[in-house]
Amino acid sequence: MSRLKKAITHMEIVLLSKEYPPHVYGGAGVHVDYLSRALANVGKGSHTIRVFCFGDQNEHTDNLVVRGIDPNVTLPPLRDPRHKSVQDALQRNLFMVPALNHPDIVHCHTWYTMLAGCIAKQLYGAPLVVTAHSLEPLRPWKEEQLGSGYELSKWLEKTGFQNADGVIAVSESMKQDVHRIYGVPEEKIALIHNGIDDHQYRPKRDPGVPASYGIDPERPYVLCVARMARQKGIIHFLNSVPHLRPGTQVLLCVSSPDTAQIEIEISAKVQQLRTRSDHPVIWVDQTVPREDLISLYSHAALFVCPSIYEPFGLINLEAMACGTPVVASAVGGIPEVVADGETGVLVPFEPAVPDNPEPRDPERFAHDLARAANGLLSDPVIRESMGIAARKRVSSRFRWEVIARETLKFYSRLIKS
């Protein structure tokens with residue numbers, strides 16, 4: 001009874017994540033950043049939020065505490081250097097567990113922290129929650145990055161999902177994948193979308209910002225922002241560039257390569273376009289400051305998301321919140337974010353084989369991306385109306401405050417049961 005009473009009046013909530021500012025390179029890190037602050041704000045005076053992550057962070061503001069785990073231990077080198085990230089994750093997980101201090105909820109984000117979550121569940125008796133941001137079996141190219149460590153990452157992820165008391169899926173598509181691949185009963189899975197801070201991400205026009213990146217603000221440009229990973233479909237977007245309307249500028253904000261090989265491939269393709277195409281292609285291979293990125297979104301004629309695997313597509317929310325229409329592949333959770341014909345255009349995508357999301361016909365996919373982009377580039381009136389609708393859709397459906405309240409309700413339900 002005492003634990004039930006505590007669940008109603010106060011919760012000690014622990015979030016476990018590899019990424020947290022300032023060490024963020026992907027959507028899961030952005031999610032944990034905003035979710036933790038929204039949970040702290042909504043639960044102020046009622047709940048304590050503690051984040052354990054990889055790094056040297058040490059923050060304490062009101063009811064939000066952030067602690068980076070950075071073990072000062074040197075482990076023997078592994079034969080395959082690609083195993084280093086898996087070894088590092090396991091080491092940090094073991095150092096996380098003693099620091100948790102009897103939480104009421106342990107909430108893991110990505111396989112990098114699931115060992116710590118499973119151990120904490122056994123040691124402290126706290127319900128284990130796992131958010132499904134992506135699934136390792138659906139990202140076979142990760143073997144290129146992790147070597148045989150990819151098999152270990154899949155095992156850790158499977159163990160985490162199968163030990164979880166509750167799973168949060170960021171899209172209906174992801175909910176179905178978790179049920180299909182890991183056999184998690186649907187009644188254990190809550191659908192809670194990702195969100196956006198629409199006060200921070202908003203239309204902000206400052207012609208000096210795109211100009212500082214080499215863009216002519218008086219001419220239309222197409223923007224692509226992504227982590228340098230195969231799932232983001234960057235090569236397919238670059239293959240579409242020669243088919244864009246003449247004179248269209250291309251701004252590629254792509255950094256943090258998963259592997260040296262994909263960086264080499266993208267660099268070669270950009271160089272080829274610069275020598276053989278009339279389209280100006282500007283590649284920013286460093287992380288763009290958030291305020292600059294907001295201006296780049298706001299000035300872009302349209303945003304392109306060519307992902308071949310995307311459980312949600314948080315980047316589309318950022319563009320839409322800035323009033324920019326989106327051209328995106330119709331994969332995963334993207335159709336739950338981008339309203340086709342209303343806030344942008346969805347491009348059909350057919351995988352080569354099930355659970356290996358490379359396009360069956362890469363040339364056709366590139367042409368379809370260009371065709372959808374050209375349709376919007378040729379009609380400024382439609383672009384403007386879609387941008388207005390995009391901003392409205394984001395503000396009404398994807399606010400972090402609402403998402404935090406739904407998440408707290410899910411926690412409470414698990415503790416009561």
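**Exercise 1. Two packed helices**

Task: In this predicted model, work out how helix α2 and helix α16 are oriented to each other, and which residues meet.

Solution. Start by finding the two helices: α2 covers residues 27-42 and α16 covers residues 400-416. Two packed helices are described by the angle between their axes and the distance between the axes. Here the angle is about 75°, and the axes lie 9 Å apart. Angles of 65 to 115 degrees count as roughly perpendicular, and α2 and α16 are therefore roughly perpendicular to each other.

Now look at the contact itself. From α2 come His31, Tyr34, Leu35, Ala38, Leu39 and Val42. On the α16 side they meet Trp400, Glu401, Ala404, Arg405, Thr407, Leu408 and Tyr411. Sorted by class, this contact has 9 nonpolar, 2 polar and 2 charged residues.

**Exercise 2. The sheet of 8 strands**

Task: Trace the order of the open sheet of 8 strands, then find its edges and the helices packed on it.

Solution. Step across the sheet and you pass β3-β4-β2-β1-β5-β6-β7-β8, with mixed pairing. The ends of that order are the edge strands, β3 (58-61) and β8 (189-191), each pairing on one side only. From one strand to the next, the twist averages 20°.

Next, zoom in on the β3 edge. Its partner is β4 (residues 64-69), and the two pair in the antiparallel sense over 4 bridges. Within this pair, Glu59 stands opposite Val66 in β4.

Finally, add the helices. Helix α6 (residues 149-163) packs on the sheet and touches β6 (128-132) and β7 (166-169), its direction making about 125° with that of β6. Helix α7 (residues 172-182) touches β6, β7 and β8, and its direction makes about 170° with that of β8.

**Exercise 3. A closer look at β6**

Task: Is β6 largely enclosed or open to the outside, and which strands pair with it?

Solution. Begin with burial, where the cut-off is under 20% relative accessible area. Of the 5 residues of β6, 5 are buried, so the strand is largely enclosed by the rest of the structure.

Then consider the side chains. In a regular strand the side chains alternate between the two faces of the sheet. In β6, Leu128, Val130 and Ala132 point one way, while Val129 and Thr131 point the other way.

Now take the neighbours in turn. Strand β5 (residues 105-109) pairs with β6 in the parallel sense over 4 bridges, and His109 has Thr131 as its bridge partner in β6. To get from β5 to β6, the chain passes through helix α4 (residues 114-124), and this β-α-β crossover is right-handed. On to β7: it runs parallel to β6 and is joined to it by 4 bridges, with Ala169 in β7 as the bridge partner of Ala132.

**Exercise 4. The sheet of 6 strands**

Task: Describe the open sheet of 6 strands and two helices that pack against it.

Solution. First comes the order, β11-β10-β9-β12-β13-β14, with parallel pairing. The edge strands are β11 (281-284) and β14 (344-347), and the twist averages 20° from one strand to the next.

As a sample pair, choose β9 (residues 221-227) and β12 (residues 302-305), parallel over 2 bridges. There, Val222 has Leu302 in β12 as its bridge partner.

To finish, place the helices. Helix α11 (residues 290-299) lies across β9, β10 (249-255) and β12, running at about 140° to β9. Helix α14 (residues 362-377) touches β9, β12, β13 (326-329) and β14, with its direction at about 165° to that of β14.

Key:
Residues numbered from 1 in each chain as written. Predicted model: local features only at pLDDT ≥ 70, side-chain atom pairs only at ≥ 80, totals over all residues. Heavy atoms only, no water. Axes fitted to C-alpha atoms, helices over the stretch in contact; angles between N-to-C directions. Parallel < 35°, antiparallel > 145°, perpendicular 65-115°, else oblique. Contact = heavy atoms within 4.5 Å. Nonpolar A, V, L, I, M, F, W, Y, C, P; charged D, E, K, R; others polar. Pairing = 2+ DSSP bridges. Buried < 20%, exposed > 50% of the residue type's maximum accessible area, 1.4 Å probe, protein only. Right-handed = clockwise from strand over helix to strand, strands pointing away.
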